[in-house]
Amino acid sequence: MIDNLWNKFISIENLKLAWNKVMSNMGNPGIDKFTINDFQINIDDNLNILRKLLEDQNYEPLPLLKITIPKENQKERNILIPTVRDRIVQTAILNILEPIFEKNFLDTSYGYRKGRSANMALNKIQKYIKNENNWIFIGDIESFFDNVNLEILFNLIKNEINDKNMLNLIFKIIKSGEQFNNKGIPQGSVISPIFANIYLNEFDKLIYSKYNLIRYVDDFL
């Protein structure tokens with residue numbers, strides 16, 4: 001279990017690194033309509049203000065901007081967009097969480113992990129076929145992001161992290177995307193993919209104990 005992460009998280013170096021990642025990804029503004037370019041105009045002041053909010057425990061995530069995009073079969077998917085400020089905070093948290101949890105993830109997981117890709121997953125599938133695996137089950141977890149149990153997710157995070165300030169902030173981020181009845185992480189948030197992998201790592205352990213498995217977020221084979 002890891003503690004004393006807070007000072008590393010709120011360091012101006014970590015926030016600048018997070019800002020550079022957010023800026024390189026560009027993306028649309030959130031509910032406050034504050035764009036990447038708007039934030040960049042007074043970047044040093046804006047980062048220092050954000051750091052002060054975090055340091056004083058006064059930071060609160062803003063509501064998410066809901067965008068609906070069409071899916072197959074005339075269905076729709078809700079994408080929830082954080083503000084630029086909140087994307088920076090989430091990216092700064094991600095910088096802390098990735099090294100901690102990456103070592104726990106199984107090789108069966110290929111989605112949203114550094115150094116891994118869909119092509120690598122396909123290559124692994126080809127190796128399984130060449131090794132005479134003679135049946136394949138393809139599935140996905142229905143409405144996965146909408147139905148993640150937040151209590152289970154938070155407990156999985158607490159198993160690895162013992163820093164009270166970090167846990168309080170992560171809890172705020174998790175709850176800000178709540179869909180209904182203590183469930184749901186938002187598709188569109190910077191930090192949702194690692195939350196998904198933390199949650200589904202338990203699925204990986206169970207299935208891989210009996211079968212070969214390839215998982216890309218909530219799609220699996």
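Modeller: Let's start with the term: a salt bridge is a side-chain nitrogen of Lys or Arg within 4 Å of a carboxyl oxygen of Asp or Glu. Keep in mind that this is a predicted model.

Colleague: Fine. What makes arginine 51 and glutamate 55 a salt bridge?

Modeller: Their side chains come to 3.6 Å, N to O. The cut-off is 4 Å, so the pair of arginine 51 and glutamate 55 qualifies. The structure holds 10 salt bridges.

Colleague: How do you know that arginine 51 and glutamate 55 are separated by about one helical turn?

Modeller: Both sit in helix α4, residues 43-55, and they are 4 residues apart, which means about one helical turn between them.

Colleague: And why is arginine 51 called partly exposed?

Modeller: Its relative accessibility is 24%. Buried means under 20% and exposed over 50%, with partly exposed in between, so arginine 51 counts as partly exposed. Glutamate 55, at 37%, is also partly exposed.

Colleague: What makes glutamate 60 and lysine 172 a salt bridge?

Modeller: The N to O value for glutamate 60 and lysine 172 is 3.1 Å, and the limit is 4 Å, so this pair is a salt bridge. The pair links distant parts of the chain, 112 residues apart: glutamate 60 is in the loop between α4 and β1, lysine 172 in helix α9. Glutamate 60 has 46% relative accessibility and lysine 172 has 26%. Both values fall between 20% and 50%, so glutamate 60 and lysine 172 are each partly exposed.

Colleague: How do you know that glutamate 102 and arginine 113 meet in a salt bridge?

Modeller: Their side chains are at 2.4 Å, N to O, so the 4 Å condition is met. Glutamate 102 lies in helix α5 and arginine 113 in the loop between α5 and α6, so the pair ties together parts 11 residues apart in sequence.

Colleague: Is arginine 113 buried or exposed, and why?

Modeller: Buried: arginine 113 has 7% relative accessibility, and the cut-off is under 20%. Its partner glutamate 102, at 28%, is partly exposed.

Colleague: Why is glutamine 90 called buried?

Modeller: Glutamine 90, found in helix α5, has a relative accessibility of 3%. Buried means under 20%, so the word fits glutamine 90. Not counting residues up to four places away in sequence, glutamine 90 touches Pro82, Ile173, Ser189, Val190 and Ile191.

Colleague: On to the helices. What makes α8 roughly perpendicular to α10?

Modeller: Their axes cross at roughly 90 degrees and come within 10 Å. Angles of 65 to 115 count as roughly perpendicular, so that is the label for α8 and α10. The contact is made by Ile152, Leu153, Leu156 and Ile157 of α8 together with Phe195, Ile198, Tyr199 and Glu202 of α10. By class, there are 7 nonpolar, no polar and 1 charged residues.

Colleague: Last topic, the sheet. Why are β3 and β4 called edge strands?

Modeller: The open sheet has 3 strands in the order β3-β5-β4, with antiparallel pairing. β3 and β4 each pair on one side only, and they are the edge strands.

Colleague: How do you know that β4 and β5 pair?

Modeller: They share 2 bridges in the antiparallel sense. Pairing takes at least two bridges, so β4 and β5 pass. Aspartate 219, in β5, is the bridge partner of tyrosine 216.

Note on methods:
Residues numbered from 1 in each chain as written. Predicted model: local features only at pLDDT ≥ 70, side-chain atom pairs only at ≥ 80, totals over all residues. Heavy atoms only, no water. Buried < 20%, exposed > 50% of the residue type's maximum accessible area, 1.4 Å probe, protein only. Contact = heavy atoms within 4.5 Å. Axes fitted to C-alpha atoms, helices over the stretch in contact; angles between N-to-C directions. Parallel < 35°, antiparallel > 145°, perpendicular 65-115°, else oblique. Nonpolar A, V, L, I, M, F, W, Y, C, P; charged D, E, K, R; others polar.
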